[in-house]
Amino acid sequence: METDPIIARRDLFKATVTIAAVVPGIAATTSAFGAEPARQAQPGQQALAGPAAPPATLAEVPLGPDTKLTIERRGQVALFGLNRPEVQNRVDPETFQALARAIYDYDHDPSLRAAVLFGHGNHFSRGIDVQAFRAAAAAGSPLAGMTRVVNPLNYGQAKRTKPLVAAVHGDTWNMAHELFLSADIRIAAADTEFGQDETSHGRFPGGGSTIRFVREVGWGNAMRYMLTGDHWTAADALRMGLLQEIAETPQAALDRAAAIAARVAACAPLGVQTTLASAHLAIDAGEAQAFAALGAQYGALYRTKDFIEGVTAQAEGRPPVFRGN
């Protein structure tokens, strides 16, 4: 469980209002994401008449002291690196927005065919940065009003049409696990500790785990961890079918993910995109209603007394006492 005192008690009370306002916006599947209302034609479909937009070109962003998301091009593969190691790579609004823009540009860049998501430092990510999201509360969704973005959690009106490989290590908790779940191929280092522990803090997994985690590992395996808040290992994840390979070290996991992405990039791009489109066609229609309901479910839960008790107990370093109201 997460125990480091990131937010003081007084700030946690303020954060309850923020999370209630912001996270439903992240979970919403409407144009609040700032995504384009119409998606480009899928492979094999006739595009609508009209002037074609110029292709986006993904720009590199080198590692630096103020860089929250690195972007590297390796031939036809793009690498996206979360870079906030001082807070265990927790995702703040700026990082979320940068990743949304990067995914859009990658998806629209004809010179790129595959991408890898990883984390710099000792951990992939411990999920959302609650304190940082306080400042974004007034705007609702961190992507509100933005164009040329794709929700990094990969649901809503605009979704990726190109493949993403995830390479994780260290702590991979909550929203970070949901980013991992949104990838098409998943690699983990042996030291990875996964967590989806919102229920132990008076919350719930509202970024897609209630849908994708269940789909990937089966009802009982997913509920075993989401309902208890217990964490699990890379070996557990491999056993359940959540990931495809375990690498010995974080660097080995990234190297393996990059190698797989290069193999994908060597294949016919239209064939790859059509394979993804066909597979999503088989799955997404049945999940659309569940994704659409996440925002309302989040909003209702974050107004409960149990949520207040969860953040208060976390600030005071004691077990919470939940009363179901």
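Select Gln88 first. In this predicted model, Gln88 is buried, because its relative accessible area of 17% falls under the 20% cut-off. Gln88 sits in the loop between strand S2 (77-82) and H2. Check its backbone: phi is near 55 degrees, a positive value in a residue other than glycine. Most residues other than glycine have a negative phi.

Now jump to Asn174. Its phi is also near 55 degrees, again positive in a residue other than glycine. Asn174 lies in the loop between S5 and helix H4 (175-181). Is Asn174 buried or exposed? Asn174 counts as buried, at 9% relative accessibility.

**Helix H2**

Select residues 93-108, the 16 residues of helix H2. Put a distance between the end C-alpha atoms: they are 23 Å apart. At 1.5 Å a residue, H2 should span 22 Å, so the two values agree.

Next, colour H2 by accessibility. How many of its 16 residues are buried? The count is 12, and H2 is mostly covered. Among the buried ones are Pro93, Thr95, Phe96, Leu99 and Ile103. Asp105, Asp107 and His108 are buried as well.

**The cavity**

Keep Leu99 and Ile103 selected; both line the largest cavity. Add the other lining residues: Phe80, Leu117, Pro152, Leu164, Leu179 and Ser182. The structure holds 1 cavity of 30 Å³ or more. About 30 Å³ of space lies in the largest cavity.

**The nonpolar core**

Stay on Phe80. Phe80 and Phe213 have the most contacts inside the largest nonpolar core, which has 70 residues. In soluble globular proteins, nonpolar side chains tend to be buried together.

Move to Phe213 and show its surroundings. Leaving aside neighbours within four places in sequence, which residues is Phe213 in contact with? They are His177, Leu181, Gly208, Gly218, Ala222, Tyr225, Met226, Trp232 and Leu242.

**The three-stranded sheet**

Follow Trp232 out of that list. Trp232, in S8, is the bridge partner of Phe194. Select S7 (residues 193-195) together with S8: 2 bridges join them, and they run antiparallel. Strands of a sheet pair through backbone hydrogen bonds, either parallel or antiparallel.

Then add S5 to see the whole open sheet of 3 strands. The order is S5-S7-S8, with mixed pairing. Strand S5 (171-173) and strand S8 (232-233) stand at the edges. Each has a single partner strand, so one side of each is left without a neighbour in the sheet.

Finish by stepping from S5 into the loop that leads to H4, where Asn174 is found.

Methods: Residues numbered from 1 in each chain as written. Predicted model: local features only at pLDDT ≥ 70, side-chain atom pairs only at ≥ 80, totals over all residues. Heavy atoms only, no water. Helix = DSSP H or I, 4+ residues; strand = E, 2+ residues; numbered from the N terminus. Expected span 1.5 Å × (residues − 1). Buried < 20%, exposed > 50% of the residue type's maximum accessible area, 1.4 Å probe, protein only. Core = buried A, V, L, I, M, F, W, Y, C linked by side-chain atoms within 4.5 Å. Contact = heavy atoms within 4.5 Å. Pairing = 2+ DSSP bridges. 1 Å grid on protein atoms, 1.4 Å probe; cavity = no way out; pocket = protein on both sides within 12 Å on 5 of 7 lines; lining within 4 Å. Points joined across faces, edges and corners; volume = space filled by probe spheres on them.
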